[in-house]
Amino acid sequence: MIIDVHGHYTTAPAALGAWRDLQIAGLKAPSQTPRASDLKISDDEIRETIENNQLKLMKQRGSDLTIFSPRASFMAHHIGNFETSSTWAAICNELCYRVSELFPDHFIPAAMLPQSPGVDPKTCIPELVKCVEEYGNVGINLNPDPSGGHWTAPPLSDRSWYPIYEKMVEYDIPAMIHVSTSCNACFHTTGAHYLNADTTAFMQCLTSDLFKDFPTLKFLIPHGGGAVPYHWGRFRGLAQELKKPLLDEHLLNNIFFDTCVYHQPGIDLLTEVIPVKNILFASEMIGAVRGIDPTTGHYYDDTKRYIEATLKLNEQERHQIYEGNARRVFPRLDAALKKKGL
């Protein structure tokens, strides 16, 4: 199988965005705040948005299954308060669950959390539990910066995050470390904030002993790890200066990277620097970069082409990246596939 571990419902029906606009407007006029039940999206609407977009491209590009979560830029945890985020997360997670029910052979859900700046992360646990136990979610997305580019939250090594980690370990689910919209004009959302956060999250883990407290905790750092592979020597050297173990021992039993890197030299570098066991196939298709590369004539986010073309991998290693590593890092995904005889 070819498993894409990084997909978002970026093509959700327009009614979802319209409801969110009303929710945001209701922050100034609470009496006009919409109810969750006011949002009406039919199964046919979901089918249309998926069949004409993600599923169509999956079939064209040769991928089989996508781990599917709410649109990252729509999480917007900085808006409103915990109640705002709680309602919004529940709506978005339910939609992704419905996608997985309508297309069970092609999509399996991962959850966004109802994070809110300054609010204890443990308030996210009820939504996490619901999504795993009722919706069959195989992972979560964890935003290290709910403030939207201002970085007011403590680092991921802070004990305030521990209740979420305890649940992750209990359920044996990984977290994709994924920020949302930047409301800081200094940081473009997808071109700077996302990649900054990937790099920042890795460094927060490097400077801490988080994985001594949680030896089985697993983080997936998307977008190829931001600057991490390109500056691997810098991180190795910093770990050495901080008297940390070698990175293989210190971090690489717990941290993994995806292949959302949109050119051949980037994938070549990723697969040369990062051990194959730590790389999972992903595309984030119909996401941050949707255009066609004029130098190749192919979509930038058709990442399978780069995996196939790189000279850094043999067929066994490609199998690890396409399927084997995803099954190992997402045990609930593996169990769901085995239940189907796959």
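**Reading burial and contacts in a predicted model**

Modeller: Let's begin with one residue: Ser 69 is part of strand β2. Helices (H or I, at least four residues) and strands (E, at least two) are DSSP runs, numbered from the N terminus. This is a predicted model, in which local features need pLDDT of at least 70 and side-chain atom pairs count only at pLDDT 80 or more, while totals for chains, interfaces and linings use all residues. Residues are numbered from 1 along each chain as its sequence is written, and side-chain values use heavy atoms, with hydrogens and water left out.

Colleague: Thanks! Why does Ser 69 count as buried?

Modeller: Buried means under 20% relative accessible area, exposed over 50%, and partly exposed in between (1.4 Å probe, protein chains only). Ser 69 has 3% relative accessibility, so Ser 69 falls in the buried class.

Colleague: And which residues does Ser 69 touch, leaving out those up to four places away in sequence?

Modeller: A contact means heavy atoms within 4.5 Å. With that sequence filter, the partners of Ser 69 are Gly 7, His 8, Tyr 9, Cys 96, Ala 110 and Asn 141. For a distance in space, take Ser 31: Ser 69 and Ser 31 are 38 residues apart in sequence and 30 Å apart from C-alpha to C-alpha.

Colleague: How do I read a loop residue such as Thr 310?

Modeller: In just the way we read the strand residue. Thr 310 sits in the loop between α13 (304-309) and α14, and it counts as buried because its relative accessibility is 2%. Thr 310 touches Gln 264, Asp 268, Thr 271 and Arg 318, not counting residues up to four places away in sequence.

Colleague: Now a helix, please. Which residues of α15 are buried?

Modeller: In helix α15 (residues 331-339) they are Leu 333, Asp 334 and Leu 337. Viewed down the axis of α15, these buried residues fall within an arc of 100° (taken from the directions from the helix axis to the C-beta atoms), so they line one face of the helix. Their cover includes β1 (3-8), β2 (65-69), β3 (107-109) and α14 (315-329). After α15 comes Gly 341, with a positive phi near 80°.

Colleague: What does the whole protein look like in numbers of helices and strands, and what share of its residues is buried?

Modeller: There are 15 helices and nine strands, and 54% of the 342 residues count as buried. Among contacts between residues at least 6 apart in sequence, 77% join residues at least 24 apart. The C-alpha trace spans about 55 × 45 × 40 Å along its principal axes.
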